[in-house]
Amino acid sequence: MMKTAAGKGIRPLIANELIKITKQISVRIFLIIFAALLIIVPLATRGLDLIINRISFTEDYDSYLELISLYEENGDFSGAAFYKGRYESYAYFRDLGLGNSSVEASVYLDSLRELYSARDAVEYIQAGRCTYGKLRENDWGQIRIINECYAEAYGLPAAVTDPEGDGNEGTGVPDVPDDKYGEAANADISDYITPEVLVRIYTDISAKIAGIENKVRNFDIRVFYSDRVADEEDNYASEKIQLQSIEEALKISPKDKDLLYTRELLKRSLEQKDSVIFALTHLRDSGSEFGGWEYKTALAVCAASKQAASCVPVDSETFETDPNLSQSFKDYKTYTKALAESEKQAVAARDTGLYSLRRGVVSRDTVDDSSRAAFQSHLAIAVSLSALIVTVIAGTSVASEHGSGTIRLLLIRPRKRTCILASKVLAILIVWGAMLALAFAVTFVMDALLHGFGDLFRSDLYYAFGRPFGVVFILSDIAMLFIDFLSLLPAVSLAFMLSVAVRKTPLAIALPLILNYFMSAMQMICFIAYSEGIKFIAYTPLPYSDLSVFTGTPLDRFIQGGGTGVSGITAGTLAKEILGGTVAGTDFSLLTGVLWMTAITSAFVLLSFVIFKKQQVKS
Amino acid sequence: MDNVKTPVLEISSISKKLGGRQILNNITLNVYPGEVFGFLGPNGSGKTTTIKLMLGLLRVESGSIRICGHDVTDDFEAAMGYIGGIIENPEMYRYLTGRENLEQYARMYGGIGPGRIEEVTALVGLSDRIDDKIAKYSLGMRQRLGLAQALLNRPRLLVLDEPTNGLDPAGIKDLRDTLRELAHKESVAVFISSHQLAELDLICDRIGIINNGILLDTLTIEEVRNAGSGAGPLITVEIDPSTAENLPPFLESYRTDDPSKLTGQTEREKIPDLIYALCDSGVRIYSVSSARHSIEEVFLSMTSEYAPGGRS
């Protein structure tokens, strides 16, 4: 005869719960759909990529011909020239056997396109189909180039460069303005465009085109990088000379504010040059792929270094008199603080980038067509899908026992209620764990099949505790998986708590899902609120519904946005950056989020236990 | 009844309020090993509430309930080890088979092997259908499975709430036989709540009558039978009405509204004399039977006597 109930452990209870979960038809259907989606999502995104690629690769350039004649018929020769330029530039690369995504095209396509278009515009004028004036009225970008060529050949007439009319108007004496790309580009030189001038402009543009075409034919990526290194080295040398001359000038007037400020800027710039030159030299020596992750990282290092160099505050008097600065910042103190912050971020980003280049640890979103990126994004989708199903399971868990009346036969066994509920919690976690493991394995295999192993096993770049570091792939994936999991735990635990407390399955499922949706909108709202000065919001749980947003490195900002200037730290840009997923340097932190999500989950689970223990089964 | 035995179930001064309404009022009763105790009451009288308190589904707020000496509140796990039960309709997991359902509960006890599951399945006559899903079970089959799960842990106290719901007459007879066997051969105490009085009549050793949360009385089945007086059994004599005029004068009180029927109470020893006297005086007798009191009579008389105020 059964004597006591002691010493049976929780494992049989967990087994019971696992059977209950997995034998339910609805759960089985969900699990089958989940497994199917694990296969379908990578296939679908890959398919979409291929379709998009095919569309962009097989672009029917001949359709431009129709556009050209359309614009010609309408008498808009600037538009016609614009599309003619496009057509010719694409055709040029096509004839060379180079695609639009080739390195050469990436570097030279835009400038070639503009030049072709300008030359075509000149041809239209020469053919008498349109005039310079008309072209200027409805300019699609050709006037700037025509004017530049004119300015280089003749100089712009004084009437244009000197609107007050006190110069050498109409003499034709070369008088090239300082900023030939500024004023001259927009000037109206209708009166000076003669057939002879046109021929000269035409020849100029053609020469420029020939120059670029020559560069394209002789393109060498190492030379390309070498040129950039040489540019920076020249820069360094000239800045050094500049600094020397400023030091000299300061000997004469040691208190000149402008000189002091410029000296500080130059000093910082020279300090940062090492990083810039290192990054570019790295590209040159490694022969890194153009547009590859090293290229993007090196450019980000350059941008970060330049930002770090520019963070020199003006003195308070200048601040007060500069309308731009005093408008952007509340007071001088805020301004200097913002600058210091901006410098800190830039330096952190620079160091992260340098670490990345030195160790070969790739920063996120820098590799095109990366199997690792595909794997990570597909895994993230799988995790949120799994959370959806687990929310249903958790919401059903206790409520369905009440609904079906089985709770009565469940609770009359020699088992503590705490133990019974714990077995439910653990069973849900086991099912979730199994789903995640399946998601991991299937996604890995799918992406390996669809994208090849490629960079699937590479380490990821992280930044924490004030320094960058790399994490090997499996640990990094587990960390990301855990972070995604933790982001979704509060909703699941809420579903479970409601399942216990309210005992109504639909409510227990619907409310957490609605709340989840609401919270992801809340994250955006919090970022905007933060950038509007409501800083404490970063310490509330509200912005932390998706923790993966907070895993970026300071480098991300420079890879994505190209860096922020001094005046860039305004509410608007900050909000845009945070929304874009870059929160480095703000009060938002992954740790705060992790703590909040853990606390909320614990509270819900604890509440479930307290309620379940005291609950009376009345019906 | 053997009052020397220690009770399996001791309910002492239990009162219970739910939602501000007094459901139970100071209930005290004991149930002993080997007896079938019928717990009778109209709908809403507090039968199920009492059972839920016994099984720990509701909180005991005043008084105490002990099962085999273990308090249901303070020593829940030990107490539940001795009890098996069905509360209201035995609802099972519809997506599991009968066997899988039993396995669920078996695992919660520990030490219950597949052999015991076969045993209880056979006992309730479900062996053929035990591997079907519950969704395909009839109400009667679910009742049988309910009994099976209640017996899994070889309980000392078997608590059954309206166990005959949905059972066909054969099923009811089977249940009766099973319970009697359990009680009388294995000394299991059986606590049955029901409002179907005729069924209890055939099976209970003792009854308790509850109305409006008050336990009106507990009676042995003998006490039920003899309810009304202490003067011995009630007998009914069916006679030829045309000979009724010959009735001896001392039996005048036996006359009823029906001229063919005589009823009255007499000592057992006097019944043969009574028959002689009737024959002698020329009354033609078709049958003589002892008309015993039924639980139903007792129940109806008590519940109407005490309703609605009841005694405290």
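Which residue just after α5(A) takes a positive phi? A:Gly128 does, with a phi of about 75 degrees. The model is predicted. In chain A, the domain assignment gives three entries: domain 1 (12-46 + 366-516 + 599-614), domain 2 (62-217) and domain 3 (221-359). For chain B, the assignment gives domain 1 (9-82 + 155-225) and domain 2 (234-290). Between the chains, 29 residues of chain A are in contact with 30 residues of chain B.

**Helix α5 of chain A**

- Helix α5 of chain A covers residues 103-126, and its 24 residues should span 34 Å at 1.5 Å a residue.
- The end C-alpha atoms of this helix are 35 Å apart, which agrees with the expected span.
- A kink of about 50 degrees is present in α5(A), and its centre is A:Leu109.
- The positive phi of A:Gly128, about 75 degrees, comes just after α5(A).

**Contact between chains A and B**

- The contact involves 29 residues of chain A and 30 residues of chain B.
- On the side of chain A that touches chain B, the elements giving two or more residues are α1 (11-23) and α19 (407-410) of chain A.
- Helix α1(A) provides the largest share of that side, seven residues.
- By class, the side of chain A that touches chain B has 13 nonpolar, seven polar and nine charged residues.

**Domains 1 and 3 of chain A**

- The centres of domain 1 and domain 3 of chain A, taken over C-alpha atoms, are separated by 47 Å.
- Six residues from domain 1 of chain A and nine residues from domain 3 of chain A take part in the contact.
- On the side of domain 1 of chain A that touches domain 3 of chain A, β1 (460-464) and β2 (467-471) of chain A each supply at least two residues.
- That side of domain 1 of chain A divides into four nonpolar and two polar residues, with no charged residues.

**Strands β1, β2 and β4 of chain B**

- Strand β1 (residues 9-18) of chain B runs antiparallel to strand β2 (residues 21-31) of chain B, and seven bridges join them.
- Within this pair, B:Leu18 has B:Arg21 in β2(B) as its bridge partner.
- The two strands β1(B) and β2(B) form a hairpin with two residues between them.
- In the turn of this hairpin, B:Gly19 has a positive phi of about 55 degrees.
- Strand β1(B) is also joined by five bridges to strand β4 (residues 62-67) of chain B, and the two run antiparallel.
- Here the bridge partner of B:Leu9 is B:Ile67 in β4(B).

**Six-stranded sheet of chain B**

- The strands of this open sheet have the order β6-β7-β8-β3-β9-β10 (chain B), and the pairing is mixed.
- Strands β6 (83-86) and β10 (214-220) of chain B each have a single partner strand, so one side of each is left without a neighbour in the sheet.
- From one strand to the next, the twist averages 15 degrees.
- Strand β3 (residues 36-40) of chain B runs parallel to strand β9 (residues 206-211) of chain B, and four bridges join the two.
- Opposite B:Phe37 stands B:Arg206 in β9(B).
- Helix α1 (residues 47-54) of chain B lies across β3, β6, β7 (157-161), β8 (189-194) and β9 of chain B.
- The direction of α1(B) is at about 145 degrees to β7(B).
- Helix α6 (residues 169-186) of chain B lies across β3, β7 and β8 of chain B, at about 145 degrees to β8(B).

**Three-stranded sheet and domain separation of chain B**

- The centres of domain 1 and domain 2 of chain B, taken over C-alpha atoms, are 41 Å apart.
- An open sheet with the strand order β12-β11-β13 (chain B) has antiparallel pairing.
- Its edge strands, β12 (261-265) and β13 (285-290) of chain B, each pair on one side only.
- The twist in this sheet averages 15 degrees from one strand to the next.
- Five bridges link strand β11 (residues 234-239) of chain B to β12(B), and these strands run antiparallel.
- B:Thr236 is opposite B:Thr263 in β12(B).
- Helix α9 (residues 271-280) of chain B packs on the sheet and touches β11 and β13 of chain B.
- The direction of α9(B) makes about 160 degrees with that of β13(B).

Notes:
Residues numbered from 1 in each chain as written. Chains lettered and ligands numbered in written order. Predicted model: local features only at pLDDT ≥ 70, side-chain atom pairs only at ≥ 80, totals over all residues. Expected span 1.5 Å × (residues − 1). Bend = angle between axes of the 7 residues up to and from the residue. Contact = placed C-beta atoms within 7 Å. Nonpolar A, V, L, I, M, F, W, Y, C, P; charged D, E, K, R; others polar. Domains from an automatic or database assignment. Pairing = 2+ DSSP bridges. Axes fitted to C-alpha atoms, helices over the stretch in contact; angles between N-to-C directions.
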